[in-house]
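Student: Could you pick one part of this model and take me through it closely? I'd like a connected account of how its pieces fit together, with the cut-offs behind each term.

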Amino acid sequence: MELRGKQKSFLKSQAHHLQPIFQIGKGGLNDQLIVQIGEALEKRELIKVSLLQNTDEEASEVAALLEEKLDCQIVQIIGRVLVIFKTSTQEKNQKISAAVKKV
């Protein structure tokens, strides 16, 4: 499902108060981190990931890789922070995606 403009705006407003729960440092983006991000998306649906100053990764490259590996959607990239959304497969975790469908 591709997000429409209004849906992205809604997700941005929902993500505004969130703190990044993952930080990508000098180790870069590895498979273990991708798995952990996937698990967090399954539970929360909307998360922030920040890139620390000491990483060689580019935010846009990380975004493209995560979209490809996790089948998620990048809502927004603000500097070195990614806002990532993916609908949960478990209905009990689908609080945000249910609201997004109504937008």
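Tutor: Happy to! Two strands are taken to pair if DSSP finds at least two bridges between them. Strands themselves (E, at least two residues) and helices (H or I, at least four) are DSSP runs, numbered from the N terminus. The model is a predicted one, so local features need pLDDT of at least 70 and side-chain atom pairs count only at pLDDT 80 or more, while totals for chains, interfaces and linings use all residues. Residues are numbered from 1 along each chain as its sequence is written, and side-chain values rest on heavy atoms, with hydrogens and water left out.

Let's look closely at the hairpin of S3 and S4, and then at what surrounds it. S3 covers residues 73-78 and S4 covers 81-85. The two strands run antiparallel and are joined by five bridges. Two residues sit between them, and glycine 79 in this hairpin takes a positive phi near 60°. Among the bridge pairs, glutamine 73 is matched with phenylalanine 85 in S4, and isoleucine 74 with isoleucine 84.

Isoleucine 84 also links us to the other side of S4, where isoleucine 47 stands opposite isoleucine 84. S2 and S4 likewise pair in the antiparallel sense, over five bridges. The whole arrangement is an open sheet of four strands in the order S1-S2-S4-S3, with mixed pairing. S1 and S3 stand at the edges with a single partner strand each, so one side of each has no neighbour in the sheet. Neighbouring strands are turned by 25° against each other on average, direction ignored. For such angles, axes are lines fitted to C-alpha atoms (for helices, over the stretch in contact), and values run from 0 to 180 degrees between N-to-C directions.

How covered is the second strand of the hairpin? S4 is mostly covered, with four of its five residues buried; buried means under 20% relative accessible area, exposed over 50% and partly exposed in between (1.4 Å probe, protein chains only). On the edge strand S3 we find isoleucine 74, which counts as buried because its relative accessibility is 11%. Leaving out residues up to four places away in sequence, isoleucine 74 touches Lys8, Ala63, Glu67, Val83 and Ile84, where contact means heavy atoms within 4.5 Å. From isoleucine 74 to glutamine 14, C-alpha to C-alpha, the distance is 14 Å, with their positions 60 residues apart in sequence.

Ala63 brings us to the helix before the hairpin. H3 lies across S1, S2, S3 and S4, and runs at about 170° to S3. Its 12 residues (59-70) should span 16 Å at 1.5 Å a residue, and its end C-alpha atoms are indeed 16 Å apart; the expected span is 1.5 Å times one less than the number of residues. Ala59, Val62, Ala63, Leu66 and Leu70 are the buried residues here. Seen down the axis of H3, they fall within an arc of 100°, so they line one face of the helix; the arc is that of the directions from the helix axis to the C-beta atoms. This fits a general pattern: an α-helix has 3.6 residues a turn, so residues three or four places apart point the same way. The buried residues of H3 pack against S1, S2, S3 and S4, and also against helix H2 (31-44). H2 in turn lies across S1, S2 and S4, at about 150° to S2.

Two loop residues make a nice contrast. Aspartate 71 is in the loop between H3 and S3, and has a positive phi of about 55° although it is not a glycine. Glutamate 45, in the loop between H2 and S2, is not a glycine either and has a positive phi of about 75°. Buried or exposed: what are aspartate 71 and glutamate 45? Aspartate 71 is exposed, at 63% relative accessible area, whereas glutamate 45 is buried, at 0%.

Past the hairpin, asparagine 93 sits in the loop between S4 and H4. It is buried, at 15% relative accessible area, and its contacts beyond four places in sequence are Glu42, Lys43, Glu45 and Ser88.
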